[in-house]
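Visitor: Good morning. Could you walk me through this structure, please?
Guide: Certainly. Here it is.

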Amino acid sequence: MKARKIILSDFPSLKENFPYAVGTREEIIEHYKNKGEEIDERYISQVLRSYSIRDEYLESIIEKTHRFDIHGNRVGEIRDEDKARAQKELERRKKRREQMKMEKESQAKQDSETE
């Protein structure tokens, strides 16, 4: 995706500094408007989403104390509610993965018994 490369080349810290500050999307939009460049806001959302849906992102919310702006600077503190929400989501994902693994193993066992 061309927009992804543009955004990440303009803001390389987005790949490394999790979690993002509240308002990061709007900050990126404003950056491009100030430069007189157009970039589809949907692409900005997609790029940010591609990182924020990762387990590593949720883990960073739990482990770190601050969020980061588009330049990699520490900004606002991470709220306890955000940490709790991240923990709950990671636990839900872990449970789901375990369930899927058990279902797959059960299916494999059934398949081997019918051969």
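Guide: Helices H2 and H3 are oblique to each other. Please keep in mind that this is a predicted model.

Visitor: At what angle do H2 and H3 pack, and how far apart are their axes?
Guide: Helix H2, residues 24-35, packs against H3 at an angle of about 140°. Their axes are 10 Å apart.

Visitor: Is that crossing left-handed or right-handed?
Guide: H2 passes H3 in a right-handed crossing.

Visitor: Which residues meet there?
Guide: From H2 there are Thr24, Arg25, Ile28, Ile29 and Lys33. They meet Glu41, Ile44, Ser45 and Leu48 in H3. By class, this contact of H2 with H3 has four nonpolar, two polar and three charged residues.

Visitor: What about H1 and H3, at what angle do they cross?
Guide: The axes of helix H1, residues 2-10, and H3 cross at roughly 75° and come within 9 Å. H1 is therefore roughly perpendicular to H3.

Visitor: And which residues are in contact there?
Guide: Ala3, Arg4, Ile7 and Leu8 in H1 meet Tyr43, Ile44, Val47, Ser50 and Tyr51 in H3. The classes are seven nonpolar, one polar and one charged. Ile44 of H3 is thus listed in the contact with H1 and also in the contact with H2.

Visitor: Let us move along the chain. How do H4 and H5 cross?
Guide: Helix H4 covers residues 55-63 and helix H5 covers residues 80-113. Their axes come within 8 Å and cross at roughly 140°, which means that H4 is oblique to H5. H4 passes H5 in a left-handed crossing.

Visitor: Which residues make that contact?
Guide: On the H4 side they are Asp55, Leu58, Glu59, Ile61, Ile62 and Glu63. On the H5 side they are Asp82, Lys83, Ala86, Gln87, Glu89, Leu90, Arg93 and Arg97. The residues of this contact of H4 with H5 divide into five nonpolar, one polar and eight charged.

Visitor: Changing topic: how much space lies in the largest pocket?
Guide: The largest pocket holds about 570 Å³ of space. It is lined by 23 residues, and the closest to its centre are Tyr20, Ser52, Tyr57, Ile61 and Arg67.

Visitor: Which helices and strands supply the lining?
Guide: Helix H3 (41-52), H4, strand E2 (74-77) and H5 each supply at least two residues.

Visitor: And where does the largest share come from?
Guide: H5 gives the largest share of the lining, with five residues.

Visitor: How does the lining divide by class?
Guide: There are 10 nonpolar, five polar and eight charged residues in the lining of the largest pocket.

Definitions and conventions
Residues numbered from 1 in each chain as written. Predicted model: local features only at pLDDT ≥ 70, side-chain atom pairs only at ≥ 80, totals over all residues. Heavy atoms only, no water. Axes fitted to C-alpha atoms, helices over the stretch in contact; angles between N-to-C directions. Helix = DSSP H or I, 4+ residues; strand = E, 2+ residues; numbered from the N terminus. Parallel < 35°, antiparallel > 145°, perpendicular 65-115°, else oblique. Left-handed = near helix turned anticlockwise from the far one by under 90°. Contact = heavy atoms within 4.5 Å. Nonpolar A, V, L, I, M, F, W, Y, C, P; charged D, E, K, R; others polar. 1 Å grid on protein atoms, 1.4 Å probe; cavity = no way out; pocket = protein on both sides within 12 Å on 5 of 7 lines; lining within 4 Å. Points joined across faces, edges and corners; volume = space filled by probe spheres on them.
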